[in-house]
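Reader: I have a protein model to study. Can you show me how to read its features, one at a time?
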Amino acid sequence: MRLLVRTVDRLVEAAAVVLLLSLLAAVVLGVVFRQLGDPLAWSDEAAQYLLVWTGFVGWVIGTRRNGHIRIDVFSSRLPIALQRALEVLTQAGVVALGVGMAVHGYTLIGRTWDVEAVSLPVPTAILYVPLPFAGAVVALQALADLFDALSGRPRRAQASAEALS
């Protein structure tokens, strides 16, 4: 199972690299051709789509690495039982957010599949394709973190920090 998770993580990271390089290429091509007096009609829209996809892939990577910003000035001063309760509540909220994004993203794709993009020969639904996947991955990770919080195990970042010290 760990091999599968590591393989999927590597594929997502490779997708992030491809998306970033594609975004860079779309922007550079748009600028170069605009300076040459023959602007590309599709470069801005392609860059917008790629930016959205890159953002969602980055969100998935940040969630998997537990790398998102967490301000714990208030929660770190609570008793351990209340810290755990707050963590359970937080992770339950993230699960709900991820499930909601997955469900509504899937619905949004269905509603926009027959709408053509302005300058690209693709449906506008392409913009929303990462929503269900990102929502599902984030919900699953938060569910695992929720079970850890319920069982009293330390958060992944906390456990990593303790292992380093």
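Reader: Which side chains meet R70 or E87 in a salt bridge?
Author: Start with the general idea. Side chains of opposite charge can pair when their charged atoms come close. In this predicted model, R70 and E87 pair with each other, at 2.6 Å from N to O. The two sit in distant parts of the chain, 17 residues apart: R70 is in the loop between α2 and α3, and E87 is in helix α3.

Reader: Is E87 buried or exposed?
Author: Buried means under 20% relative accessible area. E87 has 11%, so E87 is buried. Its partner R70 has 36% and is partly exposed.

Reader: How many salt bridges are there by this rule?
Author: The count is 4. Another of them joins R64 and D9, with the closest N and O atoms 3.0 Å apart. R64 belongs to helix α2 and D9 to helix α1, so this pair ties together parts that are 55 residues apart in sequence. R64 is partly exposed at 27% relative accessibility. D9 is partly exposed too, at 22%.

Reader: What about R65 and E13?
Author: Their side chains form a salt bridge of 2.8 Å, N to O. R65 lies in the loop between α2 and α3 and E13 in helix α1, so parts 52 residues apart in sequence are tied together. R65 counts as exposed, at 56% relative accessibility. E13 is partly exposed, at 28%.

Reader: How do I check the length of a helix? What span should helix α1 have?
Author: Use 1.5 Å a residue. Helix α1 runs over residues 2-35, which is 34 residues, so it should span 50 Å. Its end C-alpha atoms are 49 Å apart, which agrees. Try α2 next. Its 22 residues should span 32 Å, and its end C-alpha atoms are 31 Å apart, so the values agree.

Reader: Which residues of α1 are buried?
Author: First, the pattern to look for. An α-helix has 3.6 residues a turn, so residues three or four places apart point the same way. In α1, the buried residues are A16, L19, L23, A26 and G30. Helix α2 (43-64) is part of what covers them. The buried residues of α2 include A46, L50, V57 and I61.

Reader: Which residues make the nonpolar surface patch?
Author: V17, L21, L24, V28, V32 and L36 make it, over about 570 Å². Take V32, which lies in helix α1. With a relative accessible area of 39%, V32 is partly exposed.

Reader: What follows each of these helices?
Author: Look at phi. After α1 comes G37, with a positive phi near 85°. After α2 comes N66, also with a positive phi, near 55°. N66 has that positive value although N66 is a residue other than glycine. N66 sits in the loop between α2 and α3.

Reader: Can a loop residue be read in the same manner? Where does T124 lie?
Author: T124 is in the loop between α3 and α4 (130-151). T124 is buried, at 17% relative accessible area. Leaving out residues up to four places away in sequence, T124 touches Y49, T112, V115, E116 and A117.

Reader: Where is confidence lowest?
Author: Where pLDDT is low, the predicted coordinates should not be read in detail. Here, confidence is lowest in helix α5 (residues 156-164), at a mean of 50. It is highest in helix α3 (residues 80-112), at 94. Over residues 159-165, pLDDT stays under 50, and the model has 1 contact beyond four places in sequence for them. The protein chain averages 89, and 93% of the residues score at least 70.

How values were computed:
Residues are numbered from 1 along each chain as its sequence is written. This is a predicted model: local features need pLDDT of at least 70, side-chain atom pairs count only at pLDDT 80 or more; totals for chains, interfaces and linings use all residues. Side-chain values use heavy atoms; hydrogens and water are left out. pLDDT is the predictor's confidence in each residue, from 0 to 100. Helices (H or I, at least four residues) and strands (E, at least two) are DSSP runs, numbered from the N terminus. Contact means heavy atoms within 4.5 Å. The expected span of a helix is 1.5 Å times one less than its number of residues. Buried means under 20% relative accessible area, exposed over 50%, partly exposed in between (1.4 Å probe, protein chains only). Patches are made of residues with over 30% relative accessible area and no salt bridge: like charges are joined within 9 Å, nonpolar side chains (Val, Leu, Ile, Met, Phe, Trp, Tyr) within 5 Å. Accessible areas come from the Shrake-Rupley method with a 1.4 Å probe; for residues, only the protein chains shown count as cover.
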